[in-house]
Amino acid sequence: MPVLLDPSRLSDPRLRPVAEKAMSDRRLDQDDALALFATTDLLGLGRIADFANQRRNGDRVFFSANQHINPTNVCVLRNTCVFCSFARMPKEEGSYTRSLEEVFAEAEQARDAPTTEFHIVGGLHPKLRLAYYTDMIRGLKQRFPHIHIKALTAVEIAHLARIEKCSVREVLVAMREAGVTSLPGGGAEVFSSAVRASIAERKLTGDEWLAVHREAHGLGIPTNCTMLYGHVETAADRVEHLAALRSLQDDTGGFLTYIPLAYHPDHNELGEALGKTGSATTAFEDLKNIAIGRLFLDNIPHVKTHWPMVTPFLSQIALSFGCDDVEGTVVYERVYHEAGATTDMHLHYDDLVGLIRGAGRVPVERDSLYHPVRDRFDGPARSSPALVGV
Ligand code: V47
């Protein structure tokens, strides 16, 4: 059991009712969440979130041996998602679209690695059809039957439904039949229509994003959820976003993990307009978003730290701020590296184990569905693949 908190010892009085609610497992309301975003007592907030996390997960911290695959960076939203550095116009310098054989060749990195998940996301290509993706998924499953496939964000699924003139449900069924296990949580950004109007004008709306996830959950496909913070959104926008995620989860129970995503400002129009480079968020903000996610999303089992964005160093500290899951080995990370992330592209399996142990927690390798794969690490070291052709 986690150490009991003494709410009266918290220096910010606004945190005391929140601590009392957390200790008696009562739900926080939106005003509580606003108070948490306003506090500067980061350590107090962290203690409460750590308490909530440890009650749920004990000392265990999950990680996965995964490999990200980005089949194309061509995206019809290139000029309107102004926070994104990854997207390109079809003929723009640096644009790429992999053939299926190229995707399969990249996936061969998993052959001698402990990989249990391919995480597949990319741009909204104007010409790639649903069959390209289902053939890709089938081909990967033939080559690597034991590897789970977490593929395509809600945005990509809605785009494919539009191109194919079919329903979102039909796209999801086709992907499930091809071998998809779960969906990643990208594309949510911040649901507020005012924020979307300024940073992602033509992207699907918040309600549409939620509707795709609702449909997936109804089909028995679990999904992740995210929030992109640190740009033009307000604390009220963040709370509204988290409340929408919590409400959908009350209905469906289909979200596995919540991942707060820290905005990176390099090489995109928004960063230029805001006059920011390097990092748009601070460690203080990053830890706060982890902790508040853990406390407010009381019905989502896991909160994940995305080390490529916030660094493995901060991810390790996040494990004491309510976080029970660390993004995996990754192998190829392109979305944030295009936006100025200075982290490595991949983290070796044994480094992940060491990172979790170093925080005094118990590492558990998991698969996409959070089934434990391995929890004893005293045998021979497991290595991630050497990178080729990054
Ligand atoms: O939706 C794009 C974000 C997301 C930038 O589900 C940016 O397990 C920061 O969703 N600065 C894609 N962020 C990544 C994503 C994800 C990552 C890891 C794990 C999972 C999961 C999902 O990246 C996009 C967008 O919100 N993004 N550009 C940028 N400049």
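I take contact to mean heavy atoms within 4.5 Å. The model I am reading is predicted, so I keep in mind that local features need pLDDT of at least 70 and side-chain atom pairs count only at pLDDT 80 or more, while totals for chains, interfaces and linings use all residues. Residues are numbered from 1 along each chain as its sequence is written, and side-chain values use heavy atoms, with hydrogens and water left out.

**Entry 1, E215.** I looked up E215 and found it in helix 9, residues 206–218, where helices (H or I, at least four residues) are DSSP runs numbered from the N terminus. Not counting residues up to four places away in sequence, E215 touches V168, R169 and L172. With R169 the side chain of E215 forms a polar contact of 2.9 Å, that is, a pair of N or O atoms within 3.5 Å, of which, within protein, one must be able to donate a hydrogen and the other to accept it, residues adjacent in sequence counting only if both atoms are side-chain atoms. E215 is partly exposed at 28% relative accessibility, on a scale where buried means under 20% relative accessible area, exposed over 50% and partly exposed in between (1.4 Å probe, protein chains only).

**Entry 2, helices 5 and 7.** I then followed helix 5 (residues 130–143) to helix 7 (residues 168–178), and noted that their axes come within 8 Å and cross at roughly 20°; the axes are lines fitted to C-alpha atoms over the stretch in contact, with angles from 0 to 180 degrees between N-to-C directions. Helix 5 and helix 7 are therefore roughly parallel to each other, a label for angles under 35 degrees, with over 145 roughly antiparallel, 65 to 115 roughly perpendicular and the rest oblique. From helix 5 the contact draws on L130, T134, I137, R138 and K141, and from helix 7 on V171, A174, M175 and A178.

**Entry 3, T281.** I placed T281 in the loop between helix 11 (269–274) and helix 12 (283–296), and T281 is buried there, with a relative accessible area of 10%. Its side chain makes a polar contact with the side chain of D286 at 2.9 Å. Leaving aside neighbours within four places in sequence, T281 is in contact with Y229, G230, A262, Y263 and D286.

**Entry 4, helix 2.** Last I went to helix 2 (residues 30–38), in which D32, A33, A35, L36 and F37 are buried. These buried residues pack against helix 1 (15–23), helix 3 (42–57), helix 10 (235–252) and helix 12. At the start of helix 2, I noted a side-chain oxygen of D29 within 3.1 Å of the backbone nitrogen of D31.
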